[in-house]
Amino acid sequence: MSAQKDRWVSSFSFLLCCASYIPTQGGAGMLQEPSPQRYFSSLEAGRASLAYFSHSGSPGAQPFLEQIESSAEALQDYGISVVKVNCPKEDVSRYCGKENALRKAYLFRGHMLIREFPTDALFDVDSIVASVLFALLFNEVKYIETLTDLQNIEQVLKGKSNMVFAYVPATGTAEHRAVMEAAFVYGTVHQFVLTTEAALLKATGDDPDVSSAWLLFCHCQKATDPAQPCRRTPLGQPLTLLNIHRHLKLMGAPLVTEVAEDPEKVSTVHLQLGLPLVFILSQKETYEADRRTAEFVAWKLLGKAGVALLARDLVDLNVLHRSNVALKTPDEGMPIQYLVLEDTDEVITLVEDKNKVKQIQEEEEEEEEDEAEKENNNQDIQDDQVVEAVSRDKKRELPLEQILVLTEENFHSSLSSAARTVVLFYASWEAVSLAVLRSYTEVADRLKGTPGVLFSLVNCWDWPGICSQENVTQFPTIRIYKEGKQSVLYDGMWGTEEMSSFIMLSRVSCPLKLATMDEAEGYLRGEFPSELSPYTHTSLLGVFSTATSEARKAFEEAGNILSGHVRMGMYLEDDSMALSQKYSVSPPALLLAQSRAQSVEGITLAKQSTQDLVQMIRHELLDIFPEITVQNLPQYLQLRKPFLILFSAGDISQMENKEEMLKVAKGRAQKTFVASWLNLKKTPVGHGILRTYFATMPSLPVLLWVNLHAGGQVFKFPSEQSITEVNILSWLEKLRAGLETPSSTLSEEDWKPPLPAYDFLQMMDTAMPELPLHNAHPPGNTPAQPLAEIPERDTATQEEPSQDTAAEKVGIPGRDLRGTAPRLAARDKQGKRHSEL
């Protein structure tokens, strides 16, 4: 290791000398101009020289001469001389002949000709230096064109040496020069590989920008598994020589530095290069777990920050005992920050987001104040992620200017004052209500100025009589009143997008009656009505004749049930037959327009009940091959079918097996299961799901069969087989025949709240019987039931922590910071934090 360190120091010194070199003479003085005889007689064995043979008085060569003269200084740093050979007019030899004049430059090593360069390929200093070094290092820097070539080189290097893989859009550029200069210095330490093939770069993953140069450091020397590719760390800065040198120096530094002294005195290469240093605080009892955690963090932050393992037992730190992470920045005079973090994701965010340190410190100060209050109050605390989020934002003032506060005095009059009034019924003491109130204010701000829509709210804790009259029995609840009378209940997700969409759809009659053929066609194209044109909902159009009154009535009732959730229209005119025949159906029929009428599907409606129509419409709106997200998972779980799910590391459109999965999804067999996919970049909870299914994270993409409703068995598609329709169907047949062994079986354990829900009304009556809360209701009214009852629609959102919790049970190393004794002490003290349960 010391020899390698000395090599880095000497290399860095060499580069500094190159950067600071100031010639005593101008560039013109560095360009030699011998005759042909003198030039060839002066060539030395092993020494490279770039020669341009020119006839005197050739004005067309002047631009090239200026560039080659400018490159003389740069090439001299690498021991390469640049020579302009003056050819006599009578000389008609190979290099001075007229046919070669002003067209080529020649690279020699000793008397051996290495390469001929057309002068138009040497258009500036960068192209000259890059081309010359590329020619001289041709055997050391491997040029590849396919992914197979890259994988073969990796296999050869595993356990022996590391690789620097560079992509440049074109040779002769400044980036190409930087790579070749780095290869000249570090070529004996690392294997350099170069390509200009954009397809090869895309095949390496991570969706790179092929219009820009790219460099990856491949850690093949530490690779032990022949089946796994070398770890790769990209250069996050522009491709310059200084940035490449800095990156290689960071890659050569120890992954984790173990220290047993005051952190203020610690200095590493990361701090010297302007990067922060993260300390994982450890002690003897938890050393092995902390070491794994430090290594995990170090790989994640490689090139962005250094990681050190600080032995708390050996250093007298005057900090909180529960602190488990410290951050030292390269800024002079800045004190080391000691923090309490929950998991490694927070450590990574800490480095990538500079404002995170201040935020964490403020939160810790608030927690210390809260803990001081808790110590004086021995009441049990039931905490969860929603409560934590509300607590963190408790000082944030909500913008309620767009929202009318309703009371018993103005409730009914306000409802009748607008065409549609959106009312949020909430309880000011309940965490989910307060969380939804934040989203509700965002919706009101986004839709402000929408004609005929009034946003309002009722605090059921202050006005229980109103909530009782409106039969509000759970919080939060959103209802939309039409002219103060008929109301529609919102039962969707609590996100801003979902609520906004529901409110806008509720403004339009469902189903919307269309009077002309033009309106019907515009409706299918998503252009009518105009207020819904910004929304890309699927358009459903019922087409009926005068003889189909029963089906029309069922369709209208279905529209009332689905109001706010779907976009439904109805066409009942004399020319309805012409419209339906255009799409090869007969009235009564349903037309589904996907993606603004780019495709319209016609479905003939038999005599069906309202509920049958509702179920059919909901089923038709489901995607054939859906992307599973937290928001839509409940819809597909309600089908109670097994899942054939492809876990992907990116967008499915960029994957080769998309078409094969679509074939499976559209086949006959798909009626018995849900063929789907999940993008881990878009839905990170997928990582927790895979950690629950497997002891170690599988390589992506991975295809799984999961039957959540019968046994909970998880089957993994064989990794050695390609994902094709034939292979998938053959594999499914083996599953049905019981010939496959499950990779894992999910636990039948129910995920329940750690403590029973509080009955706040009973607590109030018991603690303060003098408050006549129940008597506040008007005579004859039933008191409201303000229980902290979360609607079923929130289940999918709140199931996310359970995946991470399950992963902790599996024991994935290096995923959290709770293995340290200080952290365990803090856990014992807090006890009831939702993320610990």
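These questions and answers cover a predicted model.

Colleague: What share of the residues in the chain is buried?
Modeller: This is a predicted model. The chain has 30 helices and 29 strands. Out of its 837 residues, the buried share is 46%.

Colleague: Which side chain of opposite charge is nearest to Arg479?
Modeller: Arg479 sits in strand E18, residues 477-482. Arg479 is buried but has no salt bridge. A salt bridge needs the nitrogen and the carboxyl oxygen within 4 Å, and the nearest side chain of opposite charge is 4.3 Å away. That side chain belongs to Glu470.

Colleague: Which backbone oxygen does the side chain of Arg479 reach?
Modeller: Beyond its neighbours within four places in sequence, Arg479 is in contact with several residues, including Thr421, Phe425, Glu470 and Leu489. Its side chain reaches one backbone oxygen at 2.3 Å. That oxygen belongs to Glu470.

Colleague: How many residues of strand E27 are buried?
Modeller: Strand E27 spans residues 702-706. Val702, Leu704 and Val706 point one way, and Leu703 and Trp705 point the other way. Both sets are buried. The count is 5 of 5.

Colleague: What is the bridge partner of Phe647 in E27?
Modeller: Strand E25, residues 643-648, pairs with E27. The pairing is antiparallel, over 5 bridges. In E27, the partner of Phe647 is Val702.

Colleague: Which residue in the turn between E27 and E28 has a positive phi?
Modeller: E27 and strand E28, residues 713-716, run antiparallel and are joined by 3 bridges. One bridge links Val706 with Val714. The two strands form a hairpin with 6 residues between them. The residue with a positive phi, about 90°, is Gly711.

Conventions. Residues are numbered from 1 along each chain as its sequence is written. This is a predicted model: local features need pLDDT of at least 70, side-chain atom pairs count only at pLDDT 80 or more; totals for chains, interfaces and linings use all residues. Side-chain values use heavy atoms; hydrogens and water are left out. Helices (H or I, at least four residues) and strands (E, at least two) are DSSP runs, numbered from the N terminus. Buried means under 20% relative accessible area, exposed over 50%, partly exposed in between (1.4 Å probe, protein chains only). Lys and Arg count as positive and Asp and Glu as negative; His and the chain ends are not counted. A polar contact is a pair of N or O atoms within 3.5 Å; within protein, one must be able to donate a hydrogen and the other to accept it, and residues adjacent in sequence count only if both atoms are side-chain atoms. Contact means heavy atoms within 4.5 Å. Two strands pair if DSSP finds at least two bridges between them.
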